[in-house]
Number of protein chains: 2
Amino acid sequence: MEIQGLPGRLLAHLGPAIASGELPAGTVLRAEELEAQHGVSRTVVREAVRILESMRMVEPRRRVGITVRPRGDWDVFDPLVIRWRLAGAGRSEQLRSLGSLRVAVEPAAAALAARHASDDDRRELGALAVELTVTARAADLESFLAHDIAFHAAVLRASGNEMFAHLKDTVGAVLTGRTEHHLMPHRPRDYAVQLHREVAEAICAGDPELAERAMRTIVVGALEELDATLTD
Amino acid sequence: MEIQGLPGRLLAHLGPAIASGELPAGTVLRAEELEAQHGVSRTVVREAVRILESMRMVEPRRRVGITVRPRGDWDVFDPLVIRWRLAGAGRSEQLRSLGSLRVAVEPAAAALAARHASDDDRRELGALAVELTVTARAADLESFLAHDIAFHAAVLRASGNEMFAHLKDTVGAVLTGRTEHHLMPHRPRDYAVQLHREVAEAICAGDPELAERAMRTIVVGALEELDATLTD
DNA sequence: GTAGACCCAAAGGTATGACTTATTCAAGCC
DNA sequence: GGCTTGAATAAGTCATACCTTTGGGTCTAC
């Protein structure tokens, strides 16, 4: 999954530095400097920079240097970009953007899942809903988070749409970030758990409208809590 | 925007070859072969392969070679991947996936736009709706397409959500592909144009529900026409 | 004084050879 | 049979040389 080797290391420095605004748009890096600063060869620097270029975060130009591009140009759907932004400054804005995206996508995915889910999918969703109920009652936040992520991933996958399915890691990152940064109540709210059960039941029963409505209530609620909690 | 130089050329060969299934999952490429086949140096091959790796389309492994990864692993939101898939085999599947994504995102974007659009945004949307009406009446498909793309891009941008805004190129690619491959009626349908006007009016009037409903009708209609037209 | 042609230096882009490291596979050993 | 060991292989890294583009300064002509 991760980029391997030295270019990966370099990327792990440059990416977050750019994403956090530490290296603002317009900053000019020079390949030679990067070599010296990180003690790596030309090859390594070039490969890392190429990757950043493919994410539209930098633009290398002859006789000028490697220019950091404005945030609006970045590939905001790239998993690495999302992770970097969630890690540092700009986390709130990223969480809000992702929140809106979830409001758009997850209800649609739930509706599709109610139509197209396989029997295995339905079984899995049912089981996960049970797990959620149990871990919520036990106030076991860690297990609850794991099952919550698995639940949303299962719905996205069951939708049968590959693009929705690929958002599972992103949604997982949002849920993880929310718990890690204590934006969650100490004990999952009962009505939220109840809504998850409703989604599972609606998908199992093949009721797209109900599945969509219940899922929308979940993600709208999550977005509203987010807005209420984030201060910046 | 494009990756420059020789790595870009190499990418323009390898990417489509993988995306189209010409190089199926599990295919093992060797760096040395790629150098010989394309008459470029290791440097160039490595950079191109690194980019493909960052898109999760290949996985270089020592003592093995550069393995093509299964389609399910690819970064399906990467603009290059989308373009490559739209260009060759798998175009239908890509269009369907994108169609569902539009159904999820664009109505939500329209609703947000009705709340948050600036005065300039509203003016632009009004003007574009007029242009759409005129070019549709004149059956000027080329201009109609351009304005259609601009219209949807404007709605996405006016939503104020950066992630929605970034889907404009993707939506544009879908609309372009639809026209290029003659999946469109020779003359834009009147009711479709009327719906675009409704969206613009609703956003100008600040009516999220109406904007969302009208936009949903548009994209659902587009998806249904797509499903009816695509044979594979 | 301004506009244009021209030239040079600076920075990325490419090529290449030597070397390093990880990993697979198989032969050999217990 | 399972474990160790070793050699072969392909990617990974480094250092160096050279190519190509381009921004900017200079010089010239008007």
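In the predicted model, a polar side-chain atom of B:Arg46 lies 2.7 Å from a phosphate oxygen of DNA strand D, a polar contact being a pair of N or O atoms within 3.5 Å, where within protein one atom must be able to donate a hydrogen and the other to accept it, and residues adjacent in sequence count only if both atoms are side-chain atoms. Backbone atoms also take part: a polar backbone atom of A:Leu6 is 2.7 Å from a phosphate oxygen of the strand, and one of B:Ala31 is 2.9 Å from a phosphate oxygen. Around DNA strand D there are 23 residues, of which A:Leu6, A:Arg62, B:Arg46, B:Arg62 and B:Arg63 come nearest; a residue is near a molecule or strand if one of its heavy atoms lies within 4 Å of it. Of the atoms of DNA strand D that come within 4 Å of the protein, 73% belong to sugar and phosphate.

Both protein chains contribute to the surface near DNA strand D, with at least two residues each from helix H1 (5-19) and helix H3 (42-54) of chain A and from helix H3 (42-54) and strand S2 (58-61) of chain B. Helices (H or I, at least four residues) and strands (E, at least two) are DSSP runs, numbered from the N terminus. By class, this surface has eight nonpolar, four polar and 11 charged residues, where Ala, Val, Leu, Ile, Met, Phe, Trp, Tyr, Cys and Pro count as nonpolar, Asp, Glu, Lys and Arg as charged, and the others, Gly among them, as polar.

DNA strand C is surrounded by 24 residues, the closest being A:Arg46, B:Leu6, B:Arg42, B:Arg61 and B:Arg62. Sugar and phosphate make up 65% of the atoms of DNA strand C that come within 4 Å of the protein. An N or O atom in the side chain of A:Arg46 is 2.7 Å from a phosphate oxygen of DNA strand C, and the corresponding distance for A:Arg50 is 3.3 Å. A:Arg63 addresses a base instead, with a polar side-chain atom 2.8 Å from a base nitrogen of DNA strand C. At least two residues of the surface near DNA strand C come from each of H3, strand S2 (58-61) and S3 of chain A and helix H1 (5-19) and H3 of chain B. That surface divides into nine nonpolar, four polar and 11 charged residues.

B:Gly65 lies in strand S3 (residues 65-68) of chain B. B:Gly65 is buried, with a relative accessible area of 13%; buried means under 20% relative accessible area, exposed over 50%, and partly exposed in between (1.4 Å probe, protein chains only). Leaving aside residues up to four places away in sequence, B:Gly65 touches B:Val28, B:Leu29, B:Glu59 and B:Pro60, contact meaning heavy atoms within 4.5 Å.

Over all chains, the structure holds one aromatic pair. The rings of A:Phe77 and B:Phe77 have their centres 5.1 Å apart and their planes at 5°, so the pair is stacked. Rings of Phe, Tyr and Trp (its six-membered ring) pair if their centres lie within 6.5 Å, and planes under 30 degrees apart count as stacked, over 60 as edge-to-face and the rest as tilted. The pair crosses between chains, each Phe77 being in the loop between strand S3 and helix H4 (79-87) of its own chain. A:Phe77 is buried at a relative accessible area of 12%, and B:Phe77 is buried at 11%.

Helix H7 (residues 141-158) of chain A has 18 residues and reaches 25 Å from its first C-alpha to its last, close to the 26 Å expected; the expected span is 1.5 Å times one less than the number of residues. Buried residues of H7(A) include A:Phe144, A:Asp148, A:Phe151 and A:His152. Its buried residues pack against helices of chain A, among them helix H5 (91-116), helix H6 (119-137) and helix H10 (190-205). A:His196 is found in helix H10 of chain A and is buried, with a relative accessible area of 6%. Among the residues that A:His196 touches, not counting those up to four places away in sequence, are A:Asp148, A:Phe151 and A:His152.

A:Ala139, in the loop between H6 and H7 of chain A, has a positive phi near 55° and is partly exposed at 36% relative accessibility.

Residues are numbered from 1 along each chain as its sequence is written, and chains are lettered from A and ligands numbered from 1 in the order in which they are written. Local features need pLDDT of at least 70 and side-chain atom pairs count only at pLDDT 80 or more, whereas totals for chains, interfaces and linings use all residues, and side-chain values use heavy atoms, with hydrogens and water left out.
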